[in-house]
Amino acid sequence: MNTVKAFAKFLDQPRLVGNFSRTLPPLLALSAGAMVIQDTFNTPKEERKKVFIRNGLTMFGAVASSIYAPKITAGIFRTAPEVVKPDKLNKYNSKLVNDFLAKNKVNSKTEKLLHKTKTKILNVREVKHLSENLHTSDGRALFNNLIPEPENISSKEIFSEIGRLSVFGLIPVLGGITGGILGDRFTDSNYRKKIPDKIKEGAYQYLANIFLCNIGAGAALCILEKLNIKSKAARALGMVSGIVLTGVIGGSAIANFIGKKVINKCFKDSDTKERKPEVLDICLHSDDIATVAVMSGLRWIEPALPALYSISGYRAGTGYCGKKKNALDNNLNSNKSGFVMQKYTEKKPEA
């Protein structure tokens with residue numbers, strides 16, 4: 001096993017995935033809170049209270065819905081939780097290792113590492129050592145039970161997975177819009193005028209950055225399945241191509257068409273300006289790479305989806321729509337970190 005494969009196997013450890021899943025929500029919440037506070041203090045003093053309330057509620061709606069999206073989606077699709085509790089994993093791994101060692105002999109280092117798998121995470125070198133030393137049929141079976149191999153999704157499962165991931169991505173967008181409307185409701189008497197922008201930006205984020213990308217990846221995967229192509233590299237490349245065609249290229253046009261023909265007609269005096277893709281929108285397609293990984297059977301990436309989708313949710317809640325906002329319309333803007341707030345500037349008094 002080369003270093004790259006050993007690293008991929010290292011990431012697939014159920015204990016590591018579980019720790020990541022439990023750690024991400026509080027980290028995401030703390031990071032979001034810090035950004036709201038930082039942005040509030042970058043605002044003129046007379047506007048800080050309004051900015052804190054509005055941005056805080058918008059961020060809360062996007063982040064809270066992102067964190068709970070996995071549980072909501074699991075309930076809708078009646079799927080079992082992916083993360084195994086540590087105590088159950090300890091018992092499961094202990095039984096596997098003890099049963100194996102009772103019937104098989106291995107060198108002292110391999111035995112020590114097998115005992116370590118009962119309660120701890122292996123590093124990349126240790127994973128590689130086990131892979132190279134558990135070469136018997138029983139050994140390979142043990143190794144793949146301790147760290148399961150990623151499974152290619154079958155053609156019967158593709159559309160169910162597309163549906164699950166699409167609902168997963170929709171929840172943060174709806175949460176961000178809800179939080180944004182509430183934030184405006186408490187800080188702006190004309191909050192109703194901002195609702196169309198939030199819905200249009202939400203439609204853009206969902207269609208261009210989430211749903212249509214999932215459709216493209218799923219369609220490509222379905223074609224590869226029909227052609228009986230099992231190579232994970234080929235399947236991943238095919239799904240990325242599908243994402244580029246349907247999401248990156250076609251998603252923006254479709255989202256703008258719906259905004260113009262449907263959303264604008266539902267609201268009077270709604271701006272008809274088209275939303276053009278920006279640098280941060282392209283960066284947001286990193287969640288599509290995560291989608292490719294999930295559809296390829298690499299479940300270790302799924303815990304990161306709430307953090308990625310929360311960005312789309314927040315932009316929807318601000319009603320960004322590609323417009324520059326004034327001191328009370330604070331939004332995400334792209335920079336080296338890819339996820340920061342625009343700083344407000346006070347207007348100088350006219351001479």
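Which residue follows α9, and what is the sign of its phi? I will come back to that in a moment, after a few words on the chain as a whole, and please keep in mind that what we are looking at is a predicted model.

The chain has 13 helices and two strands, and of its 351 residues, 46% count as buried. If we take the contacts with a separation of 6 or more, 75% of them are accounted for by residues 24 or more positions apart. The accessible surface comes to about 18700 Å², and 61% of that belongs to carbon and sulfur atoms.

Now to helix α9, which covers residues 195–226. With 32 residues at 1.5 Å a residue, this helix should span 46 Å, and its end C-alpha atoms are 44 Å apart, which agrees. There is nevertheless a bend of about 40° in α9, and it is found at L207. The helix is mostly covered, since 26 of its 32 residues are buried. As for the opening question, the residue that follows α9 is N228, and its phi is positive, near 60°.

Let me finish with the aromatic rings, of which the structure holds three pairs. One of these is formed by Y206 and F211, and it is stacked, with 5.7 Å from centre to centre and 20° between the planes. The two partners can also be described by their accessibility: Y206 counts as buried because its relative accessibility is 14%, which is under 20%, whereas F211, with a relative accessible area of 28%, is partly exposed.

Note on methods. Residues numbered from 1 in each chain as written. Predicted model: local features only at pLDDT ≥ 70, side-chain atom pairs only at ≥ 80, totals over all residues. Heavy atoms only, no water. Helix = DSSP H or I, 4+ residues; strand = E, 2+ residues; numbered from the N terminus. Expected span 1.5 Å × (residues − 1). Bend = angle between axes of the 7 residues up to and from the residue. Buried < 20%, exposed > 50% of the residue type's maximum accessible area, 1.4 Å probe, protein only. Phe/Tyr/Trp six-rings, centres within 6.5 Å; stacked < 30°, edge-to-face > 60°. Contact = heavy atoms within 4.5 Å. Areas by Shrake-Rupley, 256 points an atom, 1.4 Å probe, with all protein chains shown as cover.
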